[in-house]
Amino acid sequence: MQSEGKSERKIRVLIAKPGLDSHDRGAKVVARALRDAGMEVIYTGLRQTPEQIVETALQEDVDVIGLSILSGAHMALFPRIMELLKEKGLTDVLVFAGGIIPEEDIPELKKIGIREVFGPGTPTDKIVKYVLENAPKREH
Amino acid sequence: MSKVEEIAKGVLAGDKRSIAKAITIVENKPEEAQRLIAAIYPHTGKAHIIGLTGPGGAGKSTLIEKMVREYRRRGKTVGVIAVDPTSPFTGGAFLGDRIRMQELTMDEGVFIRSMATRNNPGGIAKATKDAVKILDAAGKDVIIVETVGAGQSEVDIVKVAQTVVVVHAPGLGDEIQAIKAGLMEIADIFVVNKADRENADKTVIDIQAVLQLDDRVKAWNPPIVKTVAVTGEGVPQLLDKIEEHRQFLQRELLQKRSWEKAQAELVEAIRDKVTSSIIEKLKREKRFEKILQQIVNREIDPATAAEKLLNQEME
Ligand SMILES: Nc1nc2c(ncn2[C@@H]2O[C@H](COP(=O)(O)OP(=O)(O)O)[C@@H](O)[C@H]2O)c(=O)[nH]1
Ligand SMILES: [Mg+2]
């Protein structure tokens, strides 16, 4: 069913920083690029627990979550985030990751539902294009 | 049960996912929004709605975080709506207020939602009013709406809030001009934040000076409260003033304000309906297309054409 009435659905994105990273330059650059592409971007700030990230995604009803991590704790934190998303019924949210993530970890991350992983230095256009093409088209 | 009914039911039960979905609906789908609001409306009117406005960087978001903590200490549940401007060029928005409030996220008695203005001329997102109703119906005792901007948008906040708090801080330079303009009129309470800075008293004096220009006799004289949002200093006093204002409203103004608010909302609803029904009707008529062609041919300008169409409509 197409929407009732006119709907101008904006893509809402949460950019989240799990773990103990001490800077967020990369996350902010991505946030800005997504905003400049017409999206509404919510940023959590540093040092978020998986629980806080998922709760924020729920309250803000986002379509997309971008996880940015530099500390190397992704294999500990990402599975917990994906598990909590499932628990809360947020299964239609597109999740991607960026930061410093070794090549060999990527297959495992994809298996748990992280749809794409962008390495350091990925041009922001590429991330914007990916989000525009893959954000879920939700009815509610 | 339809999806909208299901969400409305969830809202009334205080379910957070439903609240979140409901706010998405009022942001995106006017018709479903109307059905949703109709379903929850009988359960609204219990919350105290506080508008917080003032220049960017004054410390509003930081202050809200401390206010919420104090409300929680006092046993109240709280909803926060943080509105940020949509970029007129890209249509996107960076919703950054939440960064200062993230520590509240795991509190079951708190719900925070960021919204963009979506280029609504009034500045404050049109959906904000409905979002407030949703949080109200969901049982939040206090709802705080944060807006930033210049001029009209701050004035618009009155239509949503029962108590308007205008936040200022030293060192924001020309922003005091904005206070002199629209903000003076709408403030129920002034906050001078960043009272840890030495020139804070100068800001207090500036505000007092402007307030003294207004010699009308008033039932409520806006107090000035000094706060340090980063430490929470002054926040209990601010909440006490807000409570005083709430009681004042209850005594004298609540009745009148809700009457005016209801009238404004009714007029707006009528305007929406009338406009769209006229347009729909006109569109079905032959002369609509004819005059459209004339505009395309540059034989007539759109404003004159509209006048012509509407005049014939009246006859
Ligand atoms: N010195 C000082 N800085 C503050 C105070 N309150 C907020 N700030 C800082 O002012 C900046 C802007 O705060 P924010 O809450 O985002 O302001 P908003 O734009 O009005 O929401 C942040 O860096 C805060 O840490 C305060 O009471 N004293
Ligand atoms: Mg703010």
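Begin by selecting ligand 1 together with its surroundings: of the 17 residues around the ligand, those that come nearest are B:Gly57, B:Lys60, B:Thr62, B:Arg100 and B:Ala229. Everything on this tour is read from a predicted model, and the distances and angles below should be taken in that light.

**Around ligand 1**

Keep the shell of ligand 1 displayed and colour its residues by character, which divides them into 5 nonpolar, 6 polar and 6 charged. Then highlight helix H4 of chain B, residues 60–73, since this helix supplies the largest share of the shell around ligand 1, namely 3 residues.

Next, go through the polar atoms that face the ligand. Select B:Asp196, where a polar side-chain atom lies 2.9 Å from a nitrogen atom of ligand 1. Move on to B:Lys194, whose side chain places an N or O atom 3.2 Å from an oxygen atom of the ligand. At B:Ala58 turn to the backbone instead, for it is a backbone N or O atom of this residue that lies 3.3 Å from an oxygen atom of ligand 1. With these contacts in view, switch on a surface: on its own, ligand 1 has 580 Å² of accessible area, and the protein covers 77% of that.

**Aromatic pairs in chain A**

Leave the ligand and turn to the rings, of which the structure holds 4 aromatic pairs over all chains. Select A:Phe118 and A:Tyr130, whose ring centres are 5.5 Å apart and whose planes meet at 75°, so the pair is edge-to-face. Showing the secondary structure places A:Phe118 in strand E5 (residues 116–118) and A:Tyr130 in helix H5 (residues 124–134), both of chain A, so the pair ties together parts that are 12 residues apart in sequence. Both A:Phe118 and A:Tyr130 are buried. Add A:Phe96 to the selection, and the view then contains a cluster in which ring pairs link A:Phe96, A:Phe118 and A:Tyr130.

**An aromatic pair in chain B**

For the last stop, select B:Trp220, which is buried, with a relative accessible area of 15%, and then B:Phe248, also buried, with a relative accessible area of 4%. These two residues form a tilted aromatic pair, with 5.3 Å from centre to centre and 35° between the planes. Tracing the chain B backbone shows B:Trp220 in the loop between helix H8 (200–213) and strand E8 (224–226), while B:Phe248 sits in helix H9 (residues 235–283), so the pair ties together parts that are 28 residues apart in sequence.

Methods
Residues numbered from 1 in each chain as written. Chains lettered and ligands numbered in written order. Predicted model: local features only at pLDDT ≥ 70, side-chain atom pairs only at ≥ 80, totals over all residues. Heavy atoms only, no water. Phe/Tyr/Trp six-rings, centres within 6.5 Å; stacked < 30°, edge-to-face > 60°. Helix = DSSP H or I, 4+ residues; strand = E, 2+ residues; numbered from the N terminus. Buried < 20%, exposed > 50% of the residue type's maximum accessible area, 1.4 Å probe, protein only. Near = heavy atom within 4 Å. Polar contact = N/O pair within 3.5 Å; in protein donor to acceptor, adjacent residues only side chain to side chain. Areas by Shrake-Rupley, 256 points an atom, 1.4 Å probe, with all protein chains shown as cover. Nonpolar A, V, L, I, M, F, W, Y, C, P; charged D, E, K, R; others polar.
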